[in-house]
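Hi,

Here is the structure I said I would pass on. Have a look at it first, and my notes follow below.

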Amino acid sequence: RKLDPSKALARFTCHTTPITSLQWHPTDESMLVVSDDVGSFVYDLSVEEETEGAAGAGAAPKNDHIPPQLLFAHSGSPYTKEVRWHPQITSCLMSTSYDGFNVFIPSNL
């Protein structure tokens, strides 16, 4: 597959502060974790946005601020500076922030 370098594969505009950390998942090449001053976020780039016709009449209202690729958001720590996947427990995340060191496992991963 030939990719056009002038076109982004994904663009997330929901972050209002600069990204401080980014790491790809160690075993799932479509997932990444991102941190900014507000928190830590897990994205799955294999998720595609539904078209309006495919969503159906009973679909939830669309929120332009939350991308469909966002799987998890942890905003309980102020000024998150770094977030990393645990190398052996692949659903575990570790982050450093103003209030200390945090370890958490999102229930939906």
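To start with, what percentage of the 109 residues of the protein count as buried? The figure is 29%, where buried means under 20% relative accessible area, exposed means over 50% and partly exposed is in between, using a 1.4 Å probe and protein chains only.

Before you go further, note that this is a predicted model, in which local features need pLDDT of at least 70 and side-chain atom pairs count only at pLDDT 80 or more, while totals for chains, interfaces and linings use all residues. Residues are numbered from 1 along each chain as its sequence is written, and side-chain values use heavy atoms, with hydrogens and water left out.

**Confidence and layout**

The mean pLDDT (the predictor's confidence in each residue, from 0 to 100) is 83 for the protein, and 84% of the residues reach 70 or more. There are one helix and seven strands, where helices (H or I, at least four residues) and strands (E, at least two) are DSSP runs numbered from the N terminus. In sequence order the pattern reads β-β-β-α-β-β-β-β. Helix α1 (residues 52-55) has the lowest mean pLDDT among the elements, at 54, and strand β5 (residues 82-85) has the highest, at 94. Where pLDDT is low, the predicted coordinates should not be read in detail.

As for contacts (heavy atoms within 4.5 Å), residues 24 or more positions apart account for 46% of those with a separation of 6 or more.

**Charges**

Side chains of opposite charge can pair when their charged atoms come close. For a salt bridge the cut-off is a side-chain nitrogen of Lys or Arg within 4 Å of a carboxyl oxygen of Asp or Glu, and the whole structure has two of them.

One is D37 with K81, with the closest N and O atoms 2.9 Å apart. D37 sits in the loop between β2 and β3 (40-44) and K81 in the loop between β4 and β5, so this pair ties together parts that are 44 residues apart in sequence. D37 is partly exposed at 24% relative accessibility, and K81 is partly exposed at 43%.

The other salt bridge joins E82 and R84, where the closest N and O atoms are 2.9 Å apart. E82 counts as partly exposed because its relative accessible area is 34%, and R84 is partly exposed too, at 31%.

Then there is D36, in strand β2 (residues 31-36). What is the nearest side chain of opposite charge to D36, and how far away is it? That is K81, 9.1 Å away, and D36 is buried yet has no salt bridge. (For charge, Lys and Arg count as positive and Asp and Glu as negative; His and the chain ends are not counted.) A polar atom of the D36 side chain does lie 2.8 Å from the backbone nitrogen of V38. Leaving out residues up to four places away in sequence, D36 touches H15, T17, P18, I19, T20, F41 and T80.

**Strands β4 and β6**

H74 is in strand β4 (residues 70-74). The C-alpha atoms of H74 and S40 are 5.1 Å apart, although the two residues are separated by 34 residues along the chain. Apart from residues up to four places away in sequence, H74 touches V38, G39, S40 and F104.

S95 belongs to strand β6 (residues 93-97) and is buried, with a relative accessible area of 1%. Beyond its neighbours within four places in sequence, S95 has contacts that include S40, T80, E82 and F104.

**Loops**

T27 is in the loop between β1 (19-24) and β2, and at 57% relative accessibility T27 counts as exposed. T27 and T90 are 63 residues apart in sequence, and their C-alpha atoms are 7.6 Å apart in space.

Y79, in the loop between β4 and β5, may catch your eye on a backbone plot: phi is near 55°, a positive value in a residue other than glycine. Y79 is partly exposed, at 46% relative accessibility.

**Cysteines**

How many disulfides does a search of the whole structure find? Zero, with a disulfide taken as a pair of cysteine sulfur atoms within 2.5 Å. C14 is partly exposed, with a relative accessible area of 29%, whereas C92 is buried, at 4%.

Cheers

Terms used
A polar contact is a pair of N or O atoms within 3.5 Å; within protein, one must be able to donate a hydrogen and the other to accept it, and residues adjacent in sequence count only if both atoms are side-chain atoms.
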